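Good morning, everyone, and thank you for making time for this. I would like to walk you slowly through one protein model, taking its pockets before a helix and some charged pairs.

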Amino acid sequence: MQRGPSGEYLTRTTSGEAIQAFAPYALPPQPPVQMAGGLSRLHDQALVACGRLDAITRLLPDPDLFLYAYVRREALLSSQIEGTQSSLSDLLLFELDEVPGVPLDDVVEVSNYIAALEHALQRLRSGFPLCNRLLRETHQLLLARGRGAQKQPGSFRRTQNWIGGTRPGNAAFVPPPPERIEGCMGDLERFINDEELQLSALIKAALAHVQFETIHPFLDGNGRIGRLLIALILHQQGVLRDPLLYLSLYFKQHRARYYELLEGTRTRGDWEGWIEFFLEGVEATANGAVDTADRLVSLFREDASRIETLGRAAPNALRVFDVFRSRPITTIREVRQRTGLSAPTAGRAVQALESFGIVEELTGRRRGRVYAYSRYIGILNEGADPL
């Protein structure tokens, strides 16, 4: 379908040169997105995949464990797209306050993302609407510490930004000028919360993500908030009870195509092309999350069975194993705090897990040793290597 641009170009002068800033029209697109044929099938397949993910997480013995691990994986991936070089192990080590030496700036940004996501979810679960105030609160936490702390955390920008290039005049894309931000974001808020629109949650999330990225309302952190917005919409709309669908890995693997399709919605109004890509990503990501959950359950079951062969030592070793399931990098001190076991008993239990190859010591030190549940981390780390 030929629509033409999905917004208007506004001539502005910045630093003495004329630029063309793009201000998007309000959603939904006009004429409406055509969901017949292939897009309709893709939509149904993606929705079924989300249903499988929601069902399997309800059947997990401890769904909070999976949520803990998956949120950290997403925080890592979403931050990597913005240029951080942290690994999952770096993040988990950082969360052990007693372990110094991880790359601080990068891992602080990932840790901020977790705090921002958890805050947004808590607010939604308390009945707070998915609105611009919530997005600003989330952004404030995202940039609370580290390199973005001077980029107006929690506030829509008051100056012109741009994407690509060294200045607005040679940028690949120039978002709307600052005086248009409040209006554009107000339109987006109304679209997200308009219950009369005949649009599924998946299509609403797909459209809202592009619109947010096009508006680019903050000085920094737009990509991370824009990707998080997808998960928040699907959670708010009841597609997923827990926010376990994150497209950062899919976007990371298909970066060139992702940016090409975003530009296609702006210049040609090709929303169908973007939605096709988005729905394929939802299906692949949901199926991948189901596979990860299955593999982790199998891993935990297999390792617990080995521990049960320890006889009288098995109960304490299983208690320690539960700590590693919830915190795959930890210390004896943390094990003692979480289990109440004495230092000798906790030490023997960790040694038993080490003898089975379930955990391994990371530091080589005699004191302050750190242990990792390596196979668990390995499963979560697939596709999460720094760019």
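The largest pocket in this predicted model has a volume of about 610 Å³. Its lining is made up of 32 residues, and those that lie nearest the centre are Glu82, Ile163, His216, Gly223 and Tyr259. Three helices each give two or more residues to this lining, namely H4 (104-125), H8 (222-236) and H10 (255-267), and among the elements H10 gives the most, with six residues. If we sort the lining by chemical character, we find twelve nonpolar residues, nine polar ones and eleven charged ones.

The second largest pocket has a volume of about 250 Å³. Here 18 residues form the lining, and Tyr70, Arg73, Leu249, Thr285 and Gly288 are the closest to the centre. The elements that give two or more residues are H2, helix H9 (248-253) and helix H11 (271-307), with H11 giving the most, eight residues. The lining of this second largest pocket divides into eight nonpolar, five polar and five charged residues.

Let me stay with H2 for a moment. This helix runs over residues 63-81, and its 19 residues reach 27 Å from the first C-alpha to the last, close to the 27 Å expected at 1.5 Å a residue. Is H2 enclosed by the rest of the structure, or is it open? Because 17 of its 19 residues are buried, H2 is largely enclosed by the rest of the structure. After H2 comes Gly83, whose phi is positive, near 110 degrees.

Now to the charged pairs. Side chains of opposite charge can pair when their charged atoms come close, and in this model the count comes to 23 salt bridges. One of them joins Glu95 to Arg72, at 3.1 Å from N to O. This pair links distant parts of the chain, since Arg72 sits in helix H2 while Glu95 is in the loop between helix H3 (88-94) and H4, 23 residues apart. Arg72 is buried, with a relative accessible area of 8%, whereas Glu95, at 29%, counts as partly exposed.

Another salt bridge stays within one helix: Arg257 pairs with Glu260, their closest N and O atoms being 2.7 Å apart. Because these two are three residues apart in helix H10, about one helical turn separates them. Arg257, at 40% relative accessibility, is partly exposed, and Glu260, at 49%, is partly exposed too. Finally, Glu302, Asp303, Arg306 and Arg375 are joined into one network by salt bridges that share partners.

Note on methods. Residues numbered from 1 in each chain as written. Predicted model: local features only at pLDDT ≥ 70, side-chain atom pairs only at ≥ 80, totals over all residues. Heavy atoms only, no water. Helix = DSSP H or I, 4+ residues; strand = E, 2+ residues; numbered from the N terminus. Expected span 1.5 Å × (residues − 1). Buried < 20%, exposed > 50% of the residue type's maximum accessible area, 1.4 Å probe, protein only. 1 Å grid on protein atoms, 1.4 Å probe; cavity = no way out; pocket = protein on both sides within 12 Å on 5 of 7 lines; lining within 4 Å. Points joined across faces, edges and corners; volume = space filled by probe spheres on them. Nonpolar A, V, L, I, M, F, W, Y, C, P; charged D, E, K, R; others polar. Salt bridge = Lys/Arg side-chain N within 4 Å of Asp/Glu carboxyl O.
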